[in-house]
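Q: Could you take a close look at one part of this model for me? I'd like the pocket story, and then whatever sits around it.

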Amino acid sequence: MERLVQIGFEASVAVITASAPGKINLYFAVGPKLDNGYHEVCSVYLALKLKEVVSVGFSDKTEISVQGSLSRQQLLGVPTDESNLVVAAGKLITDRALRFEITKNVPVAGGMGGGSADAAASLLATQALTGNYNQVDAVKLGADVPFALMGSVALGAGVGEKLTALEMETELHIVLIVSEGGLSTPMVYQRLDELREDEDLVPEFTPPTPVDLIDALAQGDVFTIARLAHNDLQRAALSLRPELQETITRALSAGALTALVSGSGPTIFAIAESEDSAKKIAAEFGDRALVTSGPAVGARLEN
Ligand code: ATP
């Protein structure tokens, strides 16, 4: 389980590596703002084969290095101080200083839970490194962390952390169209609240469960899944970044069954009928597009 790295003549230092998937939300309904500032949501999460990898070892001070397949600008957007979620995850397990090597493949601040995946991978790796498997409350690290640990397909209630596994009888071919510059999740929620207030629109206190979509997932009916995919945050993200509408329109013209803002954006995900169709849609966007698929497993040890 441990990879041993020889340092000089004496010490051997264990480094443990874990991975965790990025996600999209095939469905995301948002309730009204609660007194504690949070919103109750109803979410259908899909874990993607696109995953983050985090290696953790002991150190004399907290150290973080970041690499990966993302653009330099995206990699530079990842904090390398104590605000990185891998550090918070490590602290739930041990008081000892740790060094982290993060390999990022999930767009940063893209509404795809990349930071949450890093937190989940860090939790698992730090547990294995220290041998401390005490129960931790992963939602403390972020609403999407419990799902990054679980993976596959799930219905999320509460802030997204009350998970129920769903059946899914097919593989979904997904194209991710990345935008440089992220969108802040709190700002997108705030815009949604403002838009709703302007329209005197009061959403249901408990957002509705998408029973027909859950049925379509169980049947592996890709066309119905695409037709029923929905994101309440989309109009708020589009109001902050109107140019995303053009990306959606182009993806649809290139053959996407549907194209939506992922989570709080600005990444757009398109559902394709087949892998070939996904490649064709991606070609329309050049370097901005990634082809992936789901479901995928949750966080797991890699060595
Ligand atoms: P969410 O939708 O869960 O809010 P996201 O998928 O839109 O998140 P992330 O990539 O998780 O976006 O990053 C959101 C912010 O979190 C970043 O702008 C960054 O400041 C901070 N952050 C903390 N740790 C990490 C990490 N390991 N990787 C990326 N960002 C991180």
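What volume does the second largest pocket have?

A: Keep in mind that this is a predicted model. The second largest pocket comes out at about 240 Å³. Its lining brings together several stretches of the chain: Ser69, Leu70, Ser71 and Gln74, then Pro107, then Val178, Ser179 and Glu180, and finally Asp287, Arg288, Ala289 and Leu290. Sorted by class, that lining has five nonpolar, four polar and three charged residues. As for where the pocket sits, domain 1 (2-167) and domain 2 (172-294) both contribute lining residues, so the pocket lies between them.

Now for the ligand. Its shell is made of 20 residues, with Gly111, Gly113, Gly115, Asp118 and Thr185 as the closest. By class, the shell splits into seven nonpolar, ten polar and three charged residues. Helix H3 (residues 114-130) supplies the largest share of that shell, with four residues.

Some of the contacts to the ligand come from the backbone. Ala109 has a backbone N or O atom 2.8 Å from an oxygen atom of the ligand, and Gly111 also places a backbone N or O atom 2.8 Å from a ligand oxygen. For Gly113, the distance from a backbone N or O atom to an oxygen atom of the ligand is 2.6 Å. As for burial, the protein covers 76% of the 610 Å² of accessible area that the ligand has on its own.

Ala109 deserves a second look. This residue sits in the loop between strand S5 (98-104) and H3, and its phi is near 50°, a positive value in a residue other than glycine. So there you have a backbone contact to the ligand from a residue with a positive phi.

While you're checking backbone geometry, there are two cis peptide bonds to find. One runs from Gly265 to Pro266, with omega near 5°, and Pro266 is in the loop between strand S10 (258-261) and strand S11 (268-272). Another joins Gly294 and Pro295, where omega is about 5°. Pro295 belongs to the loop between strand S12 (289-294) and strand S13 (300-301). Strand S12 takes in residues 289-294, and Ala289 and Leu290 are among the residues lining the second largest pocket, which brings you back to where you started.

Note on methods: Residues numbered from 1 in each chain as written. Predicted model: local features only at pLDDT ≥ 70, side-chain atom pairs only at ≥ 80, totals over all residues. Heavy atoms only, no water. Near = heavy atom within 4 Å. Polar contact = N/O pair within 3.5 Å; in protein donor to acceptor, adjacent residues only side chain to side chain. Areas by Shrake-Rupley, 256 points an atom, 1.4 Å probe, with all protein chains shown as cover. Helix = DSSP H or I, 4+ residues; strand = E, 2+ residues; numbered from the N terminus. Nonpolar A, V, L, I, M, F, W, Y, C, P; charged D, E, K, R; others polar. 1 Å grid on protein atoms, 1.4 Å probe; cavity = no way out; pocket = protein on both sides within 12 Å on 5 of 7 lines; lining within 4 Å. Points joined across faces, edges and corners; volume = space filled by probe spheres on them. Domains from an automatic or database assignment.
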